[in-house]
There are 2 protein chains.
Amino acid sequence: MRATTIHAAGDVRLSEVPDPEISSPTDAIVKVTAGCICGSDLWPYRGENDIDEGSTIGHECVGVVEEVGGEVVSFRPGDFVVVPFCHSDNTCPHCRAGMHSACENQGFTASGQGEYALVHQAEGTMVKTDGQPDEGMIPSLLTLSDVMATGWHAAVAAGVREGGTAVVVGDGAVGLCGVLAASVMGAEQVVVMSRHQPRQDIARQFGATHVVEERGEAGAAAILEITQGVGSDAVLECVGTDAAIQTAFEIARPGSTVGFVGVPHGVELPIRRMFSRNIGLAGGMAPVRAYLPELLKLVVEGRINPGLVFDSTLPLSEVAEGYRAMDERRSVKVLLQP
Amino acid sequence: MRATTIHAAGDVRLSEVPDPEISSPTDAIVKVTAGCICGSDLWPYRGENDIDEGSTIGHECVGVVEEVGGEVVSFRPGDFVVVPFCHSDNTCPHCRAGMHSACENQGFTASGQGEYALVHQAEGTMVKTDGQPDEGMIPSLLTLSDVMATGWHAAVAAGVREGGTAVVVGDGAVGLCGVLAASVMGAEQVVVMSRHQPRQDIARQFGATHVVEERGEAGAAAILEITQGVGSDAVLECVGTDAAIQTAFEIARPGSTVGFVGVPHGVELPIRRMFSRNIGLAGGMAPVRAYLPELLKLVVEGRINPGLVFDSTLPLSEVAEGYRAMDERRSVKVLLQP
């Protein structure tokens, strides 16, 4: 099959690789209808992470079940499924506690930017739609494999609550989904920190009530003004850099929690401030499967349209251009069609 | 008056210092009935913190109101009061949110190991008992000025819940109070990590169901065995050292929270593990005043007896010996009588 592979910083290619095969009775193979590029894919692309040369890349996809192992009983070929990037058995103690991303039988999608994807623990991982979805719903369904669920996780971890204030640090696709999540959860003031007009526009469509363009100290000052000097009831840190983390702790009110979902890179947590101000940190790799039923319902009922984060759709053959566009911030998020 | 002063690492003395005076209408002066030495006083005593040479030290006390400023209307001379180490107006947005330790008019007790203590924001800070308490209740009341409320805060921050498991890292007075708090909150398994028999005994009186003597990797392995490999539902970090923090994150189950109340010294948070395992961190300087009414009720009704943490009582004149005893871990916590 054709799948995206990474060879060095800045070097992703569409390559011919072996078709995935069922090697365990809990596996399934999904024919990818749509995949996409994640902000976290840019870390290796930018040379910030180690690269296993020639390995496939891409962990987000939706598609149609092609084949299932003997123990996969709830799905059959032809089912349309959302595939959480992190695979889980949905039965271990961590899954039962809703923390599927720490599943004892954890696995990951490895060729979401390809024609087929192997799903480990398919029974506990995949969620299917009622019949085949409309073409127009595909982008939103695709966000449920990672980015929307991750933004949702940031809001849950930050303890967003009805009537409160939520500030989202980061205007990438995850941050925008965090805005949508905070809005759905009933936050009265939803502030996005963004200096990019197109992203601000999406944020407003997702329910942002305020946009703060300033960064660093000026950004923190703007948030304190919005919150009458108190700080935000909830802060969603959706970047993963040290600057974003420091800002998050600057603007969080005492007793609140910073929900973080950006893979941390070079972060030094301000533990003294956390201690003296009682500002907590929660979050991490999103337990997508835990949120999927609820989020799927919201999408199917048309109550949320997170697919708006895709401002570019490319054929899989142009995946390299997709990476370039996201790396240069010309595109928020790129959907890939095999 | 006589009050304890610190002059250098290892050098505390009982000195003659000016009597405190009412300088604001929100002040009160309390004649100290009992004060004590806090584990955090050992940081400067050990030279780990900067020392303001000759300054008074000691932030925990109970006593009798001697004099009040013009705006202090709920207290009069003769009232017996618990004085939270951190003073707060009880009216600002942070206080109204229960985060009194971040009060906009924050102050601290500065001569709790002395004859008199000045209380800023007395109206919002102090809590009085119904009449004069029995002598035997004084130690427990004294713990409410800091140590018991701090252990309680660790349990609250860690999200201890009925029927769950709580592990307390640290067998100092705060850790022991954390054991008591977790037990009162209904944790089914309360584990204390301790290798000191007298402290283990107090922990068991406070409701510990398990004692783990091992440290580091062996300690973590023991906790995992107790929790069937899952990790603890809640972890109370009551030390503040890097070793304690690392242990806490080793033994916390995915999705749980480490509640930390030990002033952090040389701590490097394991952010990668926090992210991949979704283990949060919450806590900090305890909002004593927020918990005081509830804790006072528990003490007065005889439902908790946190005063057991005082295994030594000394006259104020022997304060230097009290510091030595705690520094050398000969004593868990020393009560001082002016």
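## A first walk through a two-chain model

Let's start with Arg329(B), which sits in the loop between helix 12 and strand 18 of chain B. Keep in mind that what you are looking at is a predicted model. Arg329(B) isn't a glycine, yet its phi is positive, at about 55°. As for its surroundings, Arg329(B) counts as partly exposed, with a relative accessibility of 38%.

Gln228(B) makes a good companion to look at next. Here too we have a residue that is not a glycine but has a positive phi of about 55°. You'll find Gln228(B) in the loop that runs between helix 8 (216-226) and strand 14 (232-237) of chain B. Gln228(B) counts as exposed, at 68% relative accessibility.

Now back to the elements around Arg329(B). Strand 17 of chain B, helix 12 (residues 319-327) of chain B and strand 18 of chain B together form a right-handed β-α-β unit. The two strands of that unit, strand 17 and strand 18 (residues 334-337) of chain B, pair in the parallel sense, with four bridges between them. If you want a spot to find by eye, look for Pro315(B), which stands opposite Gln337(B) in strand 18 of chain B.

Which side chains of strand 17 (residues 312-315) of chain B are buried? Ser312(B) and Leu314(B) are, and they point to one face. Thr313(B) and Pro315(B) point to the other face and are not buried. In general, side chains in a regular strand alternate between the two faces of the sheet.

For a contrasting bit of sheet, hop over to chain A. There, an open sheet of three strands runs in the order 2-1-4, with antiparallel pairing. Strand 2 (11-16) and strand 4 (55-56) of chain A are the edge strands, each pairing on one side only. Strand 1 (residues 2-8) of chain A meets strand 4 of chain A in the antiparallel sense over two bridges, and Ile6(A) stands opposite Ser55(A) in strand 4.

Next, the nonpolar core. The largest one has 163 residues, and Leu269(A) and Leu269(B) are those with the most contacts inside it. Setting aside neighbours within four places in sequence, Leu269(B) is in contact with residues of both chains: Leu269(A), Ile271(A) and Met274(A) on one hand, and Ile245(B), Phe249(B), Met274(B) and Leu281(B) on the other.

Phe275(B) also reaches across to chain A. This residue belongs to helix 10 (residues 271-277) of chain B and is buried, with a relative accessible area of 9%. Leaving out residues up to four places away in sequence, Phe275(B) touches Phe260(A), Val261(A), Gly262(A), Val263(A), Pro264(A), Gly283(A), Gly284(A) and Met285(A). Within chain B, the C-alpha atoms of Phe275(B) and Gly255(B) are 10.0 Å apart, with their positions 20 residues apart along the chain.

Two polar residues deserve a stop as well. Ser101(B) lies in the loop between helix 2 (93-96) and strand 8 (107-108) of chain B. Is Ser101(B) buried or exposed? Ser101(B) counts as buried, because its relative accessibility is 1% and the cut-off for buried is under 20%. A polar atom of the Ser101(B) side chain lies 2.8 Å from the backbone oxygen of Met285(B). Beyond four places in sequence, the contacts of Ser101(B) include Ser276(A) and Asn278(A) from chain A, along with Cys86(B) and Gln106(B) from chain B.

The other polar stop is Asp171(A), in the loop between strand 11 (165-169) and helix 6 (173-184) of chain A. Asp171(A) is buried too, with a relative accessible area of 6%. Its side chain joins that of Ser194(A) through a polar contact of 2.6 Å. Among the other residues that Asp171(A) touches, not counting those up to four places away, are Arg195(A), His196(A), Arg199(A) and Arg329(A).

Finally, the cysteines. How many disulfides does a search of the whole structure find? Zero, over all chains. Cys38(A) is in no disulfide, and the nearest cysteine sulfur is that of Cys36(A), 7.3 Å away. Cys86(A) is in no disulfide either, with the sulfur of Cys103(A) nearest, at 7.5 Å. Both residues are in the table.

| Cysteine | Nearest cysteine sulfur | Distance | Relative accessibility |
|---|---|---|---|
| Cys38(A) | Cys36(A) | 7.3 Å | 8%, buried |
| Cys86(A) | Cys103(A) | 7.5 Å | 4%, buried |

Technical notes:
Residues numbered from 1 in each chain as written. Chains lettered and ligands numbered in written order. Predicted model: local features only at pLDDT ≥ 70, side-chain atom pairs only at ≥ 80, totals over all residues. Heavy atoms only, no water. Core = buried A, V, L, I, M, F, W, Y, C linked by side-chain atoms within 4.5 Å. Buried < 20%, exposed > 50% of the residue type's maximum accessible area, 1.4 Å probe, protein only. Contact = heavy atoms within 4.5 Å. Pairing = 2+ DSSP bridges. Right-handed = clockwise from strand over helix to strand, strands pointing away. Polar contact = N/O pair within 3.5 Å; in protein donor to acceptor, adjacent residues only side chain to side chain. Disulfide = S-S within 2.5 Å.
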